[in-house]
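Me: I'd like to learn how to read salt bridges in a model. Can you walk me through some?

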Amino acid sequence: MIDDQNADMLQVECKILKQMVAHCVKAERCVWDVENKLKKAGLNDKAVIRSIQFLVENDYINEARFARCLTNDKLRFNHWGRKMIIRELRRRKVPEVCIQEAIGQIDENESAEILSKLLRERYKGLKRLKKLEKNTIAAQLIHYALSRGYTLREANAALALIGVKGDDYDSRFSYDED
């Protein structure tokens, strides 16, 4: 009876592992994501560890590759800044070395271009809505850039590129948070 239970558990574990292999082949995954999915599937801790070890050893899961892919996707498609990307990678418990490597590969010019385009579109929307003072528009654009994970320096540089000027918007914010 115990052997039948063990055999059943091994069959279930193999079935779930095959599903995880298919899951990891479809898109890049991190250990944290897969671990949560395995636990939700009902595997015990030892089975989860064995499964993750198999997936890592066979390169179905690679944290550095995942960090690079997430960084590229969030920058290009979601228009996130470094801070927001770092926050998401840390939330997913990606090792700090992988995070720093992935963030280091962000092209400064591409990031600045994305932010400028984003702020230009936002600026057009703000101008259409109502007449606002220049300082108010600049402050709202900075706030928007910060909420997207960009630094204040990046936001100010993008504002200068799109030609938005405010008298004292720069003095209301501190560069200490960069």
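**Reading the salt bridges**

Reply: Sure. Keep in mind that this is a predicted model. Start with Arg 68, which forms a salt bridge with Glu 101, their closest N and O atoms being 3.3 Å apart. This pair ties together distant parts of the chain: Arg 68 belongs to helix 4 (residues 63–76) and Glu 101 to helix 6 (residues 96–104), 33 residues apart.

Me: What's the general idea behind such pairs?

Reply: Side chains of opposite charge can pair when their charged atoms come close.

Me: Are Arg 68 and Glu 101 buried, exposed or in between, and why?

Reply: Buried would need under 20% relative accessible area and exposed over 50%. Arg 68 has 28%, so it counts as partly exposed. Glu 101 is partly exposed too, with 37%.

Me: Where do Lys 39 and Glu 35 lie?

Reply: Both lie in helix 2 (residues 31–40), four residues apart, which is about one turn of the helix. Their side chains meet in a salt bridge, 3.1 Å from N to O. Lys 39 is at 41% relative accessibility and therefore counts as partly exposed; Glu 35, at 25%, is also partly exposed.

Me: Which residue does Arg 90 form a salt bridge with?

Reply: Glu 96, with the closest N and O atoms 2.8 Å apart. Arg 90 is partly exposed at 46% relative accessibility, and Glu 96 is partly exposed at 35%.

Me: Which residues are linked in a network of salt bridges?

Reply: Asp 33, Glu 88, Arg 91 and Arg 92 are linked that way.

Me: And how many salt bridges does the count come to?

Reply: Twelve salt bridges.

Methods
Residues are numbered from 1 along each chain as its sequence is written. This is a predicted model: local features need pLDDT of at least 70, side-chain atom pairs count only at pLDDT 80 or more; totals for chains, interfaces and linings use all residues. Side-chain values use heavy atoms; hydrogens and water are left out. A salt bridge is a side-chain nitrogen of Lys or Arg within 4 Å of a carboxyl oxygen of Asp or Glu. Helices (H or I, at least four residues) and strands (E, at least two) are DSSP runs, numbered from the N terminus. Buried means under 20% relative accessible area, exposed over 50%, partly exposed in between (1.4 Å probe, protein chains only).
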